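Welcome! Here is a short guided walk through one protein model, to be read beside its sequence and structure.

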Amino acid sequence: MKKKQFKAESKKLLDMMINSIYTHKEIFLRELISNASDAIDKLYFRSLTDDSVKMNRDEFCIMLDIDKEARTLTISDNGIGMTAEELESNLGTIAKSGSFNFKNENADNENADDISVIGQFGVGFYSSFMVADKVEVVSKAFGEEKANKWISSGADGYTIEECEKENAGTVITLHIKEDTENEHYSDYLEQYRIDELVKKYSDYIRYPIKMEMSHQVPDKDKEGEYITEVSVETLNSMIPLWRKSKSEIKPEEYNEFYKEKFMDYSDPQLVIHSKTEGQATFNSLMFIPENPPYDFYSKEYEKGLQLYSNGVLIMDKCADLLPDYFSFVKGLVDSADLSLNISREMLQHDHQLKIIAKAIDKKIKNELKKLLANDREKYDKFFSTFGTQLKYGVYANYGMEKDGLKDLLEFKSSMSDGYTTLKEYVERMADSQESIYYACGESVEKIALLPQLEAIKEKGYEVLYCTDEIDEFAIQMLMEYDGKHFANICKDDIDLSTDAEKEAINKKNEDSKELLDKIKNVLGDKVSAVKFSNKLGSHPVSISAQGYVSLEMEKVFSQMPGANQGMKAQLVLEINSEHPIAEKLKKADDEQLKKYVTLLYSSARLIAGLDIENPTQFSDLIAEMM
């Protein structure tokens with residue numbers, strides 16, 4: 001029996017196939033099972049038009065067998081098999097794909113929709129050599145009398161000889177390598193490991209994948225002792241849940257699938273199941289968890305959906321399918337349209353992926369909008385858990401996604417104990433109201449105590465309460481909603497006074513210029529201006545901000561690593577012109593004025609949620625005044 005060399009392929013090429021193309025050695029089982037499935041598909045396809053094929057679909061299967069003593073793993077199928085010429089062609093020529101040719105040859109067949117071969121490149125078989133030092137392939141083509149055996153130990157070449165085999169199909173026997181210091185190849189001779197790999201990569205192969213499994217069970221005759229029972233079990237579930245009609249699936253099935261697949265103890269808040277056809281055809285099944293994953297806010301968290309091609313897992317987490325603002329979404333996408341690279345582990349180019357990702361993004365947004373409209377309580381619960389992510393989405397990428405997300409945002413407000421949307425706020429606005437008012441703070445309770453809020457509420461205007469650090473950045477990025485601009489009530493340019501009131505307060509400031517200059521001199525560059533105000537209600541003093549950087553934005557900037565000290569709010573000290581403190585200031589001598597101003601400024605910072613520079617001095621002055 002003469003050994004043959006691989007046609008036109010060098011040892012260097014085969015070494016590259018084995019050692020470079022595949023990232024994980026465990027992929028070999030996925031590839032061999034996919035090839036076996038393709039072989040069965042071809043025979044099943046033939047049975048649709050050829051009465052000589054006596055098998056029905058229920059009889060097709062893929063068998064796995066482990067022999068630890070011989071260190072072999074065998075993958076068998078009862079598919080179409082290969083002739084000697086096909087063995088020579090398909091296995092003797094690297095990257096020769098029989099499945100790819102079969103697919104092209106039958107593209108116009110009226111039964112083409114009934115078949116779905118997986119293999120494309122003809123290199124998957126060679127992944128066997130990542131874990132095996134010798135591979136034997138015994139195959140008998142359907143309708144042939146003789147079988148043939150192909151044997152190879154790698155780049156040295158291969159042999160083909162006739163052999164006996166009763167039925168059509170292919171048996172691949174891998175002689176597993178001995179363990180090394182870095183690789184424990186014996187894992188692939190363990191039942192639990194093979195079972196694990198089948199469920200991970202090939203759970204949705206359409207034919208049963210069977211293996212003889214042994215289990216320890218109690219001995220009925222001897223109490224406290226166990227015996228080994230052996231049975232042939234089907235390892236894969238075969239029919240993907242996402243390919244079933246939604247009307248056939250009960251909520252409990254979705255919940256159990258989610259909890260088992262994504263290792264969560266709680267049912268998902270929302271299930272999004274869809275089939276999309278058009279520029280890209282794919283099935284998707286996505287879930288919004290009830291709670292964030294345990295590592296969601298850590299650097300280790302990886303977003304992404306599982307990516308399948310014809311039911312075979314290609315990537316466990318395809319990050320490109322989800323934008324960051326939907327990083328909490330779990331689920332999967334299954335498409336036959338993907339252009340995979342030669343190892344089927346990655347995408348060859350991202351055009352189709354971008355089309356799918358865009359459709360996924362739109363689908364999630366639409367489902368959330370439906371939830372908002374039809375089940376407000378459930379949506380509010382979702383938003384309290386993941387709403388911050390949506391706000392980051394509004395702000396990120398220079399606001400590119402803000403139009404698609406703005407109607408999903410919710411805030412607490414001065415007119416509601418629950419959440420309100422921007423649309424609901426605008427619908428409640430008085431005809432005389434020109435802006436959407438908001439205030440920022442650590443909590444709803446603290447915002448409700450802001451001096452500026454009293455005057456706004458007296459006018460009958462609603463104020464949005466912004467308690468997340470990202471809130472004001474998102475609002476600044478939105479700029480407006482439905483033609484109404486946003487206005488921070490803690491900025492000094494907010495003035496709801498009548499013309500007469502404006503004229504009166506301007507005159508008071510002009511008449512008190514000397515006093516205000518003295519106060520400014522006491523504070524120095526801590527503030528950019530000091531003025532009397534008529535918009536503080538019953539409160540004596542407050543701090544507002546000029547320019548782009550608000551008080552809350554300054555707090556956020558100050559907490560960042562390597563904080564930019566230049567990102568400071570320009571503070572304005574506002575004193576209530578109607579409060580008794582105003583007269584007290586006018587009558588104070590220079591020494592008293594300095595103490596009063598220090599107290600007022602520190603009080604205003606505390607009200608605004610800012611640190612005071614000298615707590616000891618503040619405390620001493622209060623004690624002295626008392």
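A good place to start is where two strands meet: Pro218 stands opposite Tyr226 in β8. The strands here are β7 (residues 209–218) and β8 (residues 226–234), joined by nine bridges and running antiparallel. On the parallel side, β7 is joined by three bridges to β1 (residues 62–67), and Met63 has Lys210 in β7 as its bridge partner. Two strands count as paired if DSSP finds at least two bridges between them.

Before going further, please note that this is a predicted model, in which local features need pLDDT of at least 70 and side-chain atom pairs count only at pLDDT 80 or more, while totals for chains, interfaces and linings use all residues. Residues are numbered from 1 along each chain as its sequence is written, and side-chain values use heavy atoms, with hydrogens and water left out.

**The protein as a whole**

The secondary structure comes to 19 helices and 22 strands; these are DSSP runs numbered from the N terminus, helices being H or I with at least four residues and strands E with at least two. Of the 626 residues, 50% are buried. Buried means under 20% relative accessible area, exposed means over 50%, and partly exposed lies in between (1.4 Å probe, protein chains only). Among contacts (heavy atoms within 4.5 Å) with a separation of 6 or more, 69% are between residues 24 or more positions apart.

**More strand pairs**

Further along the chain, β14 (residues 410–413) pairs with β15 (residues 416–421) in the antiparallel sense over four bridges. A hairpin of two residues joins β14 to β15, and Phe411 has Thr420 as its bridge partner in β15. β14 also pairs with β17, again antiparallel, over two bridges; there, Ser413 is matched with Leu464.

**Three residues to find**

How buried or exposed are Ser34, Asn509 and Thr467? The table shows each one.

| Residue | Relative accessible area | Class |
|---|---|---|
| Ser34 | 0% | buried |
| Asn509 | 17% | buried |
| Thr467 | 35% | partly exposed |

Ser34 sits in helix α2 (residues 27–47). A polar atom of the Ser34 side chain lies 2.8 Å from the backbone oxygen of Arg30.

Asn509 belongs to helix α14 (residues 499–511). Leaving aside neighbours within four places in sequence, Asn509 is in contact with Leu516, Lys531 and Phe532.

Thr467 is in the loop between β17 (463–466) and α13 (471–478). Not counting residues up to four places away in sequence, Thr467 touches Gly441, Glu442, Ser443, Val444 and Ile447. Glu442 is 25 residues from Thr467 in sequence, yet the C-alpha atoms of the two are 5.3 Å apart.

**The largest pocket**

The largest pocket holds about 1200 Å³ of space. Of its 40 lining residues, Glu260, Lys261, Phe262, Met263 and Gln306 are the closest to its centre. A pocket is an open set of points on a 1 Å grid over the protein atoms alone, where a 1.4 Å probe fits, with protein on both sides within 12 Å along at least five of seven lines; lining residues have an atom within 4 Å of a point. Grid points are joined across faces, edges and corners, and the volume is the space filled by probe spheres set on the points.

Which element gives the most to the lining of the largest pocket? That is α6, with six residues. The lining has 18 nonpolar, seven polar and 15 charged residues. Here Ala, Val, Leu, Ile, Met, Phe, Trp, Tyr, Cys and Pro count as nonpolar, Asp, Glu, Lys and Arg as charged, and the others, Gly among them, as polar.

Terms used
Polar contact = N/O pair within 3.5 Å; in protein donor to acceptor, adjacent residues only side chain to side chain.
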